[in-house]
Amino acid sequence: MAASRALLPTPQAAAAATPARSRARLAAPSSLAARAGGSHRLRVRCAILSSPAPAKAEQEQPTRRISRAGSDASLRPKPAVLVAEKLSEAGLAVLREFADVECAYGMSPAELLAKMAQFDALIVRSGTKVTREVLEAGRGRLRVVGRAGVGIDNVDLQAATEAGCLVVNAPTANTVAAAEHGIALLASMARNVSQADAALKAGKWQRNKYVGVSLVGKTLAIMGFGKVGSEVARRAKGLGMHVIAHDPYAPADRARAIGAELVSFDEAITRADFISLHMPLIPTTNKVFNDESFGKMKTGVRIINVARGGVIDEDALVRALDSGKVAQAALDVFTVEPPAKDSKLVLHENVTVTPHLGASTVEAQEGVAIEIAEAVVGALKGELAATAVNAPMVPAEVMSELAPYVSLAEKLGRLAVQLVAGESGIKGVKVVYTTTRGPDDLDTRLLRAMVTKGIVEPVSSTFVNLVNADYTAKQRGLRITEERVSHDSATAEAPLESIQVRLSQVQSKFAGAISDGGDIVLEGRVKYGVPHLTLVGPYEVDVSLEGNLILCRQIDQPGMIGKVGNILGQRNVNINFMSVGRTFRGKQAIMAIGVDEEPNKESLEEIGAIPAIEEFVFLEL
């Protein structure tokens, strides 16, 4: 969608999201500080990203000023994607429609490092470690890491975020396959299927040795009630089991709808006859099943793990199996994969093992490949990524609703920073949202990130995206506050009436953008799905934010539109939109002109020579 194309620009050009950029002619803010002051607007929340530092401001304000930025019209090359682990042909086909794809399976860490600087995206499964070194080896080109599966513990998320690298996964395609494998292990373990099979193939007929236990009426504790855990619960209910679950983030109504009872961690493990693990491997779950937790369980409990191997202390599990505290275990995942050939856990007679087959069905492999390929391609295009794991946690429905305002937010930030004069820097940013929504019914994190992107990227060598916007702002000392203004309208359906960006305590290269309070003020709205600039300083305008923009402050007199239009027309510069706002008739006015092409230097000088024009500025979008 057009409104979201600026999220993940490529370092080569970012031509689709921002047609041109010239950082050399725009001074980077040497410091950013907040301005203390009153406001008649209702303050709803304030997002402080870092503390400010004082800066030196320019003192002189010329009455006539011409400002323009350069252009980089180089074409963006086709992105390159490295697939480091096996991916089905269905997924590769999706990738090849958009990118150059190289499949290099079984690389050593050194080989992976050597390749990274050549690629815009990397796709892995669980076997490849995407470390800080790998991300740094990308040298700023690597924009997306795709994890073909759910778990992302093999990716350094903090390093990825700092590098501005989006991490996406494929969380839904293998859900049913993993749940089915969990149920398969549950039933196989309960009836000793694998052990009896091995014995019979070895020529032994041992019916009395492999007497199993029934599932009906038993209590199954599901640890982690997400997508897979919920599907296991549904199937276990069909087997006649009583299901309890522990997950501090699971909605109680969803558990009730399935017929599961949400309980605490300790209650789950003490009540259960069977325990099925479906939790991620994070610091708080690392080896959470250890000697202490095994000690709280019923004697004879049985454990299934199709989640992540590291959530179990494997040495402690061996001790629990040897003592009889744990009667049996069925494991699809291990702390180290593949496990050692002499692993006591794998070789234990009361343990059923499979080699990480949770997602290994034909249907799931194809589904995961397509899901991750689509996520990576979408991210490379700059689209909002619903499966991003290191971006702000914005629900999909919110992302969809705010999509038309994403472009508006970034463009307002991009215009505002280009209006800042020379060395004055930005000392504080306030984003004001006019809305009919209540305080708890409008999530603005996405919009704040895009305003930050718009402000930082034009004056920095850093490529900012949704992932690293807050981090980058913090590193640059940028302080951002957000406010909400109530807009009363019984018929308003849009989530926002307008977005306003205010830069405080700055000198402006275009005095007409300064409000009565001394701030650079820009305000915009979305009309018919297109962002419009509707306010510049104290002047109301209405210009579509497509192409580039010329702002002129002039004496309000007849013929001004025609004079400027003729100059641009003679130079073959097409005007796509024009609007004039004024304070009083015959006084001062601002003319906002949207242009498809960038006027050359001679055109701008000719506009500046019109006697009634006091100042103007050319701004890139």
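In this predicted model, strand β6 (residues 219-223) and strand β7 (residues 242-246) run alongside each other in the parallel sense, and they are joined over five bridges. One of these pairings can be followed residue by residue, since Met223 has His246 in β7 as its bridge partner. In general terms, the strands of a sheet pair through backbone hydrogen bonds, and they do this either parallel or antiparallel.

The two strands belong to an open sheet of seven strands with parallel pairing, whose order is β8-β7-β6-β9-β10-β11-β12. At the edges stand β8 (261-262) and β12 (351-353), and because each has a single partner strand, one side of each is left without a neighbour in the sheet. Helix α11 (residues 314-323) packs on this sheet, where it touches β10 (301-305), β11 (326-331) and β12, and its direction makes an angle of about 140° with that of β11.

A second helix shows how burial can be arranged around an axis. In helix α1 (residues 89-96), the buried residues are Gly91, Leu92 and Leu95. These cover an arc of only 100° around the axis, which means that they lie on the same side of α1. An α-helix has 3.6 residues a turn, so residues three or four places apart point the same way. The elements against which the buried residues of α1 pack are set out below.

| Element packed against by α1 | Residues |
|---|---|
| β1 | 80-83 |
| β2 | 100-103 |
| β3 | 121-124 |
| α13 | 362-381 |

The interior can also be described through its nonpolar cores. In soluble globular proteins, nonpolar side chains tend to be buried together. The largest nonpolar core here has 48 residues, and those with the most contacts inside it are Val429, Ile499, Leu503, Leu533, Val536 and Leu549. Helix α14 (residues 396-418) gives the most to this core, contributing ten residues. Apart from this core lies another one, of 29 residues, which includes Met297, Val318, Ala320 and Ala329. Leaving out residues up to four places away in sequence, Leu549 touches a set of residues that includes Leu415, Leu533, Val543, Ala592, Val617 and Phe618.

For the protein as a whole, the secondary structure comes to 18 helices and 22 strands, and 53% of the 621 residues count as buried. Among contacts with a separation of 6 or more, 70% are between residues 24 or more positions apart. The accessible surface comes to about 26900 Å², and 51% of this surface belongs to carbon and sulfur atoms.

Definitions and conventions: Residues are numbered from 1 along each chain as its sequence is written. This is a predicted model: local features need pLDDT of at least 70, side-chain atom pairs count only at pLDDT 80 or more; totals for chains, interfaces and linings use all residues. Side-chain values use heavy atoms; hydrogens and water are left out. A nonpolar core is a set of buried Ala, Val, Leu, Ile, Met, Phe, Trp, Tyr and Cys residues joined through side-chain atoms within 4.5 Å. Buried means under 20% relative accessible area, exposed over 50%, partly exposed in between (1.4 Å probe, protein chains only). Helices (H or I, at least four residues) and strands (E, at least two) are DSSP runs, numbered from the N terminus. Contact means heavy atoms within 4.5 Å. Two strands pair if DSSP finds at least two bridges between them. Axes are lines fitted to C-alpha atoms, for helices over the stretch in contact, and angles run from 0 to 180 degrees between N-to-C directions. The arc is that of the directions from the helix axis to the C-beta atoms. Accessible areas come from the Shrake-Rupley method with a 1.4 Å probe; for residues, only the protein chains shown count as cover.
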